[in-house]
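Welcome! Take a moment to turn the structure around on your screen, and then let us walk through it together, starting from the inside.

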Amino acid sequence: MENKAMAIFLILLLSGVVHSNAEEEAFDVRQHLSTVTRYAVGKNIFDSSYVPSTIPDQCTPIHLNLLARHGTRAPTTRRLKELNDLAVRIRVLLHDAKVQKLALEKLPAWFWGWESPWKGKIKGGDLLVEGENELYNLGIRIREKYPQVFNGEYHPKVYAIKATQVPRASASAVAFGMGLFSQTGNLGVGRDRAFAVYSENRASDILLRFHDCCRNYKAYRESQKPAVLKLKAPVLDEVTAALSDRYKLNFTRQDTSSLWFLCKQEASLLNITNQACALFTPSEVASMEWTDDLELFILKGYGNELNYRMGVPLLGDVVQSMEQAIKAKEESLEDGSFEKARLRFAHAETLLPFSCLIGLFREGDEFKKILKEQPLNLPPKPPQRRNWRGSKVAPFAGNNMLVLYSCPTQSSNKYFVQVLHNEHPIPMPGCGNFDFCPYEVFKKRIVAPHLKYNYNTICNLQSKELKQPQQLSFSS
């Protein structure tokens, strides 16, 4: 009996080890890089249990709105310096380890002689080849998916392409256009064609860089940084202590932060996961990812209504373009005389507020709280699941599409809007959690509650006249 019990115990123990190892092998750090995630990875992080709406055969797409973040880019100039400083810091840690006569063979081998992969690069933040390909291929896929929209002859007022003045955004617009209009022109062996990209002055661009023009938002963002750091500190301290114990090096909180940043850059841009990322356990990666997502939520997302209300001009522009398309359809205007697509290329600071305005990525019934301007909960901590993940809501080249359909045989509603995020239909809480919504319902339930706000009032009132920031708490 004792032998049988021992055998069962060993089987259970071994099965637990095998299960644990399988989980370790299944864990892919590249899915946990928050907004540094590559598009090919982020595109595949979605709710596979959601069944998209079936669009009736008689419905035809007549207009498309696209809002896309720029593609994969190099680290910014400020971050390049941080990585160079990290190389110096690692040398100091190794020197101290030698002086203390620690077991050097237990230290990460890549530490010895490590330099930043971007050492010598002076300017950062530029669009990489990988980012060009992300947008180029997105353009091809969208044209193939919506031939009814993109079957017309090119004209800049039919297919309006807009980008911010930041080079990585305008370069993304060019890469997308090259894919969208590939083999439709007469330039070179690829039969490319020239096309126009419009940009507003970045100092007054309230459609795509509203965050840069909003005085109150910039003040709010600076005021909240200490509070964000305070919320992140327990996780950073816990991971720092674990790293110090694991490698017997005197890591600081800043070291941990910089090593995590290096992990994200290596994994996303260089496809290296066995150096900086290997320093962290999967649970530590999940915790560090959560701190990034937490900051994103508070400073750029649902953490304060100002974060997304300042995007009202963009929401109004989207609705106006659909109104014009409906008017053109109702008046049977000649093809080529009206706009068919409005294509915008900007930043995470643009995409995130817009996603919030239309109620995406909330937990449970919190869309009702947004409309009632009630306090929201912070994203739940791991291992709890959460909808708000930077890798999903705003990866490189992340995008929202709003496709307007004409459904002439529908009895009560002739026009519908389908919303897609990263090319996947996504349910809208304001439309009964469907991705395909009657246009009038979309306007009434999702758009109208926001359009009562005025950008200048939101952004330029004296701070004492504004509502105080909402008090946030963690989800239970």
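The largest nonpolar core holds 94 residues, and the members that touch the most others are W110, F280, W388, L404 and F442. Keep in mind as you look that this is a predicted model.

Pick out F280 and look at its surroundings. Leaving aside residues up to four places away in sequence, F280 touches V239, L243, R246, T256, L259, W260, C263 and V285. Apart from this largest core lies another one, made of 33 residues, with Y39, Y154, Y159 and A173 among them.

Now step back to the whole chain. How many helices and strands does the chain have? The secondary structure comes to 16 helices and 9 strands. The chain has 476 residues, and 50% of them count as buried. Its accessible surface is about 22,700 Å², with 53% of that belonging to carbon and sulfur atoms. Contacts also tell us how the chain is put together: of those between residues at least 6 apart in sequence, 78% join residues at least 24 apart.

Next, let us follow the aromatic rings. Two such rings are described by how far apart their centres are and by the angle between their planes. Across the whole structure, a search finds 14 aromatic pairs. One of them is formed by W110 and W114, which meet edge-to-face, with 6.0 Å from centre to centre and 80 degrees between the planes. Are these two tryptophans buried or exposed? W110 counts as buried because its relative accessible area is 13%, under the 20% cut-off. W114 is buried too, with a relative accessible area of 7%.

Another edge-to-face pair joins Y405 and F436, at 5.5 Å centre to centre and with 75 degrees between the planes. Y405 lies in strand β5 (residues 399-406) and F436 lies in strand β8 (residues 436-438), so this pair ties together parts that are 31 residues apart in sequence. Both Y405 and F436 are buried.

Rings can also link up into a group: F150, Y154, Y159, F181 and F195 form a cluster through ring pairs. You have met Y154 and Y159 already, as members of the 33-residue core.

Finally, look for charged side chains that sit over rings. R79 lies over the face of F261, 4.1 Å from the ring centre. Likewise, the charged end of R362 sits over the ring of Y302, at 4.2 Å from its centre.

Key
Residues are numbered from 1 along each chain as its sequence is written. This is a predicted model: local features need pLDDT of at least 70, side-chain atom pairs count only at pLDDT 80 or more; totals for chains, interfaces and linings use all residues. Side-chain values use heavy atoms; hydrogens and water are left out. Helices (H or I, at least four residues) and strands (E, at least two) are DSSP runs, numbered from the N terminus. Buried means under 20% relative accessible area, exposed over 50%, partly exposed in between (1.4 Å probe, protein chains only). Contact means heavy atoms within 4.5 Å. Accessible areas come from the Shrake-Rupley method with a 1.4 Å probe; for residues, only the protein chains shown count as cover. Rings of Phe, Tyr and Trp (its six-membered ring) pair if their centres lie within 6.5 Å; planes under 30 degrees apart count as stacked, over 60 as edge-to-face and the rest as tilted. A charge sits over a ring if NZ of Lys or CZ of Arg is within 6 Å of the ring centre and within 35 degrees of the ring normal. A nonpolar core is a set of buried Ala, Val, Leu, Ile, Met, Phe, Trp, Tyr and Cys residues joined through side-chain atoms within 4.5 Å.
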